[in-house]
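User: I would like to learn how descriptive words are justified when someone looks at a protein model. Could you take me through some of them with the reasoning spelled out?

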Amino acid sequence: MARYSKPHISQRKTLLAVGEGKADAAFLKYLRGIYCSGGGGVNVSVRDASGKGPSNVIGTAIGALRISSYDKKLCLLDTDLVWTKQNRSDAKRKKIELVGSTPCLEGLLLQILGKAVPASNLDCKRQLKIITGKDMFEPDDYSANFDYVVLQTQRAHIAELDKLLRLFEGK
């Protein structure tokens, strides 16, 4: 009599993605929709750290790790505030990848669009709003200017974007 064997079910990789604020979380959710939809690939959980700097963002990620475990972890952080040695140490200890956006998410988005990046966060936010006409707080706000082709093209030129997309692809 033949033995019954269960079919092999592959486990999806998991990713915890923590953004510094509303716009960061919306962008991460947008990337999840593009790179991880359809039940294949990586299962991504997105968290919003509600600002307050790198310590709070990393702390939010560490807090989420107390509840669940993930194969990969990332924090999308602005570089306008200094990442302290303690911040880097805490992230390294928990194997959290730190991805910086200079000086803020809007600066990274302007860079993706091939525009000049102002030095201040406020100027970056103003310039991006002029280009997009939106505050970028919803995942759908990104679809008109940051489609798959634009992201794939720019990842070859922007190391932070490539690092982010590799994590979403499970690499």
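The questions and answers below concern a predicted model.

User: What makes strand S4 largely enclosed by the rest of the structure?

Analyst: A residue is called buried when its relative accessible area is under 20%, and five of the six residues of S4, which spans residues 96-101, are buried, so the strand is largely enclosed by the rest of the structure.

User: How do you know that S3 and S4 pair?

Analyst: Pairing calls for at least two bridges between the strands, and strand S3 (residues 72-78) is joined to S4 in the parallel sense over six bridges. One of the bridge partners in S4 is Ile-96, which sits opposite Lys-73. Between the two strands the chain runs through helix H3 (residues 85-93), and this β-α-β crossover is right-handed.

User: Why is helix H4 called oblique to helix H5?

Analyst: Helix H4 (residues 105-112) packs against helix H5 (residues 121-132) at an angle of about 45 degrees, with the axes 8 Å apart. Angles under 35 degrees would count as roughly parallel and those from 65 to 115 as roughly perpendicular, so H4 is oblique to H5. The contact involves residues of both helices, including Leu-109 and Leu-110 of H4 and Leu-128 and Ile-131 of H5.

User: What makes H4 mostly covered?

Analyst: Under the same 20% cut-off for buried residues, seven of the eight residues of H4 are buried, among them Leu-105, Gly-107 and Ile-112. The elements covering these buried residues include helix H1, S3, S4, H5, helix H6 and helix H7.

Conventions. Residues numbered from 1 in each chain as written. Predicted model: local features only at pLDDT ≥ 70, side-chain atom pairs only at ≥ 80, totals over all residues. Heavy atoms only, no water. Buried < 20%, exposed > 50% of the residue type's maximum accessible area, 1.4 Å probe, protein only. Helix = DSSP H or I, 4+ residues; strand = E, 2+ residues; numbered from the N terminus. Right-handed = clockwise from strand over helix to strand, strands pointing away. Axes fitted to C-alpha atoms, helices over the stretch in contact; angles between N-to-C directions. Parallel < 35°, antiparallel > 145°, perpendicular 65-115°, else oblique. Contact = heavy atoms within 4.5 Å.
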